[in-house]
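User: Could you walk me through the ligand site and the ring contacts here?

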Amino acid sequence: MTLSLHTPDLIQKKRDGGTHTRAELEALVLGFTNGHVPDYQVSAWLMAVFLKGMTLQETADLTLVMAGSGEQMNLGNLPRTVDKHSTGGVGDKTSLILTPMLAALGLTVAKMSGRGLAHTGGTIDKLESIPGWTAELSEAQFLKQAREVGLALVGQSKNLAPADGKLYALRDVTATVNSLPLIASSIMSKKLASGAHTIVLDVKVGAGAFMGTLGAGRELARAMVDIGTHAGRQIRAVLTDMDTPLGRMAGNSLEVLEALDTLRGHGPADLTELCVALAAEALSAHGEDPAQAEARARQTLVDGSALHKFREFVAAQGGDAGYVDNPASFDVAPGRAEITAPEAGYLQRIDALSVGRAVLVMGGGRERKGEAIDHGVGVELLKKPGDAVQAGEAVMRLYHRSGRGLERALELLRGGLGFGPAQPAAQPLILDRVN
Ligand code: URA
């Protein structure tokens, strides 16, 4: 480590469009993680990176420095390990379905997941709508469960890639989140430190995602695939649409209910297809023939094996597995409101961001880390873009608690809806793949 490098010189170098060496990145990032380089200097440096960018080599070096800034999980004793990451979206309950599918397919998922922040949901928050379920496992419990059940899921450990936790908190308040090298290194440092052999990345593109365009999404996917491959892992990336929320439900309990429907083989087509595609990518990264991989993945939703695995996983982490078979037991907020179509025609657009924000203002998400959330509130999309509507027909149903945030949620949702006389062209969900 070269802590003697002068921090203002490093900031100036990036400000002027220079390229950092690995030693320089170590000095900055590890110095910051250890408390030797102050926030205000790193804030200036982050803005310089945001404005000037980084080469792929710099991004890869930054990722490895961040991944090595704390503990690294050793999953080497577990068979066929796989991890999945989504760059964040609205109504994205994919992990709840995909991870038991993967375990039912004989892969091992020992995964760290996040909580929701701002308009995007988090897997841990969703699973906590099942009473008793806990994300707090010791490392020994986590590894034992992964071996025995094939699926264990915990919160992001603070000891894993701690540089990312500190950098992300600073990016969040300095308008430097939306930078390709910073996003790629943030995601991949955590994934590399988490130890899985195969990593499947779901890169979201569109209004509800960090990457607004397909071009930007492809660039991010390419960078992450290259970084992971360089580090000796098998990486697959799928680019998927996040203009419109995935499935029909947004909100914690509602999303678990939709995930359970999907595990029973009765889920919405877009969600089912995405889970099958991601599972098939994981299997083919482990050497299976792609067509056979897809058929095997689909079968887990038909024969009940993925649902069985989910039940086992919930029970292993202290959850009441009875909830899995009894949807009526979930806490769904009792208040109801509907948004109707102003005229006959077609629903053209549902802005994913406005749906995410509506859930947030009703209490289903948090604006600051650590805030309590209401698992029962949410939005159900009764119609999706391309569906015909009659004047006055309900297109969305809101589940609210005593009217909390309802007026603002209605306003947000109405602002994100588009109607028109012509049926819009169907948008593919899977936009591209990068291997
Ligand atoms: N998710 C992350 O983990 N980091 C980012 O920078 C963006 C999304």
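Some questions and answers on the ligand, the rings and a sheet follow.

Analyst: Happy to help! This is a predicted model, where local features need pLDDT of at least 70, side-chain atom pairs count only at pLDDT 80 or more, and totals for chains, interfaces and linings use all residues. Residues are numbered from 1 along each chain as its sequence is written, and side-chain values use heavy atoms, with hydrogens and water left out.

User: Which element gives the most to the shell around the ligand?

Analyst: Residues count as near with a heavy atom within 4 Å, and those around the ligand include Tyr168, Arg171, Ser186 and Lys190. In the side chain of Lys190, an N or O atom is 2.4 Å from a ligand oxygen. With 4 residues, the element that gives the most is α9.

User: How are the ring planes of Tyr323 and Phe330 arranged?

Analyst: Ring centres of Phe, Tyr and Trp (its six-membered ring) must lie within 6.5 Å to pair; planes under 30 degrees apart are stacked, over 60 edge-to-face and the rest tilted. There are 3 aromatic pairs by that rule. The centres of Tyr323 and Phe330 are 5.2 Å apart with planes at 75°, so this pair is edge-to-face.

User: Which residue of β12 does Ile350 stand opposite?

Analyst: Strands are DSSP runs of E, at least two residues, numbered from the N terminus, and they pair if DSSP finds at least two bridges between them. Antiparallel strands β8 (residues 345-350) and β12 are joined by 4 bridges. Opposite Ile350 in β12 stands Leu417.

Terms used
A polar contact is a pair of N or O atoms within 3.5 Å; within protein, one must be able to donate a hydrogen and the other to accept it, and residues adjacent in sequence count only if both atoms are side-chain atoms.
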